[in-house]
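User: Please take a close look at one part of this predicted model, setting out which residues touch one another and how the burial of side chains fits the surrounding elements. I would like one connected account rather than a list.

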Amino acid sequence: MSAERRLTYSQAIHEALAQEMARDPAVFVMGQGVDDFKGCYGTTRDLARDFPGRCFDTPLSEEGMTGVAIGAAMVGMRPVHTHIRMDFVLLAVNQLLNIAAKARYMYGGAVSVPLVVRGVIGRSWGQGAQHSQACYPIFMHTPGIKVVAPTTPYDAKGLMIQAIRDDDPVLFVEHRMLHFQRGHVPEESFAVPFGRARVLAEGHHLTLVAISHMAVEAMRAAALLAAQGISAEVIDPVTLAPLDLDTIVASARRTGHLLVVDHDWTFAGAAAEVIAGVVERLGAEAGAVRMQRMGLAPVTCPTAPNLERLFYPNPQSIAAAAFSLVGGGGSWTPEWMDAPEIVEFKGPF
């Protein structure tokens with residue numbers, strides 16, 4: 001097998017689903033549009049053909065269908081419930097957080113809910129106020145449910161397999177523009193453990209922790225910073241609950257600067273939790289590390305592309321904030337860096 005085998009993020013998820021469905025007849029896929037010929041960005045394409053009766057469309061009834069998925073999981077099935085937008089998962093919050101997440105505790109360990117819930121987040125294509133939200137901090141807050149947000153195709157495949165095999169509910173967060181990212185993915189089946197962050201780039205002046213597609217933007221920002229003589233270490237948390245604070249703390253202690261870039265609003269968000277955890281772990285040393293969080297502007301997401309471009313952190317704004325944090329001195333306006341996946345994204349259908 002070639003070590004250079006490269007797949008897109010969507011192909012990696014598709015391969016994980018197909019391999020797990022072939023391995024375990026208890027695994028099935030459900031959700032709006034999963035049997036469509038485009039198959040949710042290609043992630044479920046042809047699964048209905050290859051696994052008859054085990055990949056099927058669902059009606060516009062997220063709460064009811066989540067109840068079906070939870071019931072199936074409780075009796076030994078392993079459902080993967082796909083939502084083309086994370087916003088639709090909000091319609092099933094009671095089912096997920098009051099039933100699925102609490103079942104093991106409430107039944108004294110006699111009941112498990114091996115359920116994977118896929119939620120697509122992010123900008124582009126004019127998603128606007130009600131179709132672009134991230135929402136994962138809501139689920140991070142509740143014990144009993146794991147939250148993962150892989151950025152690389154390798155982690156997308158490995159974490160999907162790990163999530164399907166886990167005996168507790170897992171929220172699998174996918175940014176829509178990540179589906180076009182390419183990376184190394186082994187053909188054989190493999191699992192990526194929960195709770196392990198990934199260092200995407202090593203550096204010694206600054207620690208950049210970036211969630212989901214913001215990790216891609218942070219890598220671009222790191223390239224801009226390098227041209228200014230600033231070396232940034234980029235860390236992708238990969239899983240948000242459980243969260244690998246050890247890797248982040250070790251890096252922040254070494255660099256003395258920490259910038260956390262989230263794909264959600266900053267107030268009571270994932271970035272706030274990362275910084276709070278770092279401060280607690282560092283204790284008296286926390287004063288030696290300069291910290292800052294970045295996220296969405298505290299307004300509702302606009303639909304117009306020109307306003308959307310201002311709403312989200314981008315390589316330029318991330319690089320500028322990092323430059324200021326490390327005390328670069330003076331004003332600096334980084335050059336604009338185009339994101340090729342925005343061009344590739346044409347909408348879900």
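Analyst: In this predicted model, Glu-217 is in contact with Arg-123, Pro-313, Asn-314, Pro-315 and Ile-318, once its neighbours within four places in sequence are left aside. The residue belongs to helix H8, which spans residues 213-226, and because its relative accessibility is 2%, where anything under 20% is taken as buried, Glu-217 counts as buried.

Helix H9, covering residues 245-255, can be read in a similar way, through its buried residues, which are Leu-245, Ile-248, Val-249, Ser-251, Ala-252 and Thr-255. These residues cover an arc of only 165° around the axis, and therefore they sit on the same side of H9. As background, an α-helix has 3.6 residues a turn, so residues three or four places apart point the same way. The buried residues of H9 pack against strand S10 (206-210), strand S11 (232-236) and strand S13 (257-265), and also against helix H10 (270-282). At the N-terminal end, H9 is capped by Asp-244, one of whose side-chain oxygens lies 3.3 Å from the backbone nitrogen of Asp-246, while the residue that follows H9 is Gly-256, with a positive phi near 80°.

As for the cysteines, the structure holds zero disulfides. Cys-55 is buried at 5% relative accessibility, yet its sulfur is 8.2 Å from the closest cysteine sulfur, that of Cys-40, which is too far for a bond. Cys-135 is likewise buried, with a relative accessible area of 8%, and its sulfur lies 12 Å from the closest cysteine sulfur, in Cys-301, again too far for a bond.

Note on methods:
Residues numbered from 1 in each chain as written. Predicted model: local features only at pLDDT ≥ 70, side-chain atom pairs only at ≥ 80, totals over all residues. Heavy atoms only, no water. Helix = DSSP H or I, 4+ residues; strand = E, 2+ residues; numbered from the N terminus. Buried < 20%, exposed > 50% of the residue type's maximum accessible area, 1.4 Å probe, protein only. Contact = heavy atoms within 4.5 Å. Disulfide = S-S within 2.5 Å. Arc of directions from axis to C-beta. Polar contact = N/O pair within 3.5 Å; in protein donor to acceptor, adjacent residues only side chain to side chain.
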